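Subject: Structure handover

Hi,

Here is the structure I promised to pass on to you. Please open it alongside this message and follow along as you read.

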Amino acid sequence: MSDDESTSFDPVADFYNESAAHMYAESVVTPVVDLLAELAGSGRALELGIGTGRIALPLVARGVLVSGIDASQRMVEKMREKSGGNDLPVVIGDFATSSAEGELSLVYAVFNAIWNLPTQEKQVACFQNVARQLEPGGYFVIELFVPDLLNISPGHNIHPFRVDSSGMSFDLYDVVGQRLTSHHFWIGIQGMRSFASEGRYVWPAELDLMAQLAGMRLSDRWGGWKGEPFTESTRSHVSVYSTGAVAPSKKGEYAWNIVTSAAPGSRCPSPGLAATTSGCASTRSRRRSS
Ligand SMILES: C[S@@+](CC[C@H](N)C(=O)[O-])C[C@H]1O[C@@H](n2cnc3c(N)ncnc32)[C@H](O)[C@@H]1O
């Protein structure tokens, strides 16, 4: 695979639901759908890397109009086989450059989909593509792992993270190219299956810069979908970017204080936002570390 090529999910489509079974648990899906439904409000949502509809289908069931983009025809065919899966408009293409119809209140990329963009150029292009499609005050939500470099010692580049009777998974880091390949092996009655997913790992701060380049700002960052704090031991984050305006933070007191373009007194779309006299402000201000 060349450095500029995305991983194809076609080979894993037939057993994706099975291999990612833990990600379909109600306890995993419900908090994701709760937050996304809240952020979408009465607007339209777009999922980047919609896959087999793990999140899109329950979000539609909540009454949100959802469309999707995915590079894998096979993954989307698997969604089409599910109840309601034929009703969603999906563009087959690269989500760094493809777009959906109409203006959107929410774009989201969950389960590490942004990592699958293989280069910084593509990741930057993706933010710009999203910003172009979002309505003012719209949200871009990313769920992405925090690179686990503290778990690899100098001179080593392998981090195993699943070893059990069903098989094993390990990450292979290329710290010079800032790339990561995740290798998965499953052992079952049909023999052994494997899948390698590749991409460019990216730090939260670099995502924030990409958002800034695209005219968006970080509105909230959590350690999980229920608003868990983002700390030094957080392994995966949920970051919410907004096309709204950012109010200057109180120097030395808070890291940031987001004010969207929502009218005072109106309903604030993010659970982390509360109505103030100047609009919607973050209720989850964080103290500066310096
Ligand atoms: C880990 S799966 C996640 C699927 C689904 N979002 C979920 O949460 O179950 C990543 C999905 O993103 C798609 N994908 C990866 N890179 C892509 C790209 N550059 N453009 C469009 N789709 C892409 C893959 O085909 C795959 O369906």
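Below is what I found in it, going from the sheets to the core and the ligand.

Please keep in mind that this is a predicted model, where local features need pLDDT of at least 70 and side-chain atom pairs count only at pLDDT 80 or more, while totals for chains, interfaces and linings use all residues. Residues are numbered from 1 along each chain as its sequence is written.

**The sheets**

Helices (H or I, at least four residues) and strands (E, at least two) are DSSP runs numbered from the N terminus, and two strands pair if DSSP finds at least two bridges between them. One open sheet is built from 7 strands in the order 3-2-1-4-5-11-10, with mixed pairing. Its edges are strand 3 (90–92) and strand 10 (217–222), each pairing on one side only. Within this sheet, strand 1 (residues 44–48) runs parallel to strand 2 (residues 65–70), joined by 5 bridges, and L48 sits opposite I69 in strand 2.

Another open sheet has 4 strands in the order 6-7-8-9, and its pairing is antiparallel. Strand 6 (158–164) and strand 9 (191–200) each have a single partner strand, so one side of each is left without a neighbour in the sheet. Strand 6 is joined to strand 7 (residues 167–174) by 6 bridges, with R162 opposite S169 in strand 7.

**The core**

The largest nonpolar core (buried Ala, Val, Leu, Ile, Met, Phe, Trp, Tyr and Cys residues joined through C-beta atoms within 7 Å) has 63 residues. L36 is among those with the most contacts inside this core. Leaving aside residues up to four places away in sequence, L36 touches A45, L59, L106, Y108 and V141 (contact: C-beta atoms, placed from the backbone, within 7 Å).

L35 lies in helix 2 (residues 26–40). L35 counts as buried because it has 25 C-beta neighbours inside 10 Å; the cut-offs are 20 or more other C-beta atoms within 10 Å for buried, 12 or fewer for exposed, and partly exposed in between, with C-beta atoms placed from the backbone.

**The ligand**

Which residues are the closest to the ligand? They are F9, G49, G51, R54 and S72, out of 21 that surround the ligand (C-beta atom, placed from the backbone, within 6 Å). The shell divides into 12 nonpolar, 6 polar and 3 charged residues. Here Ala, Val, Leu, Ile, Met, Phe, Trp, Tyr, Cys and Pro count as nonpolar, Asp, Glu, Lys and Arg as charged, and the others, Gly among them, as polar.

Best wishes

Terms used: Contact = placed C-beta atoms within 7 Å.
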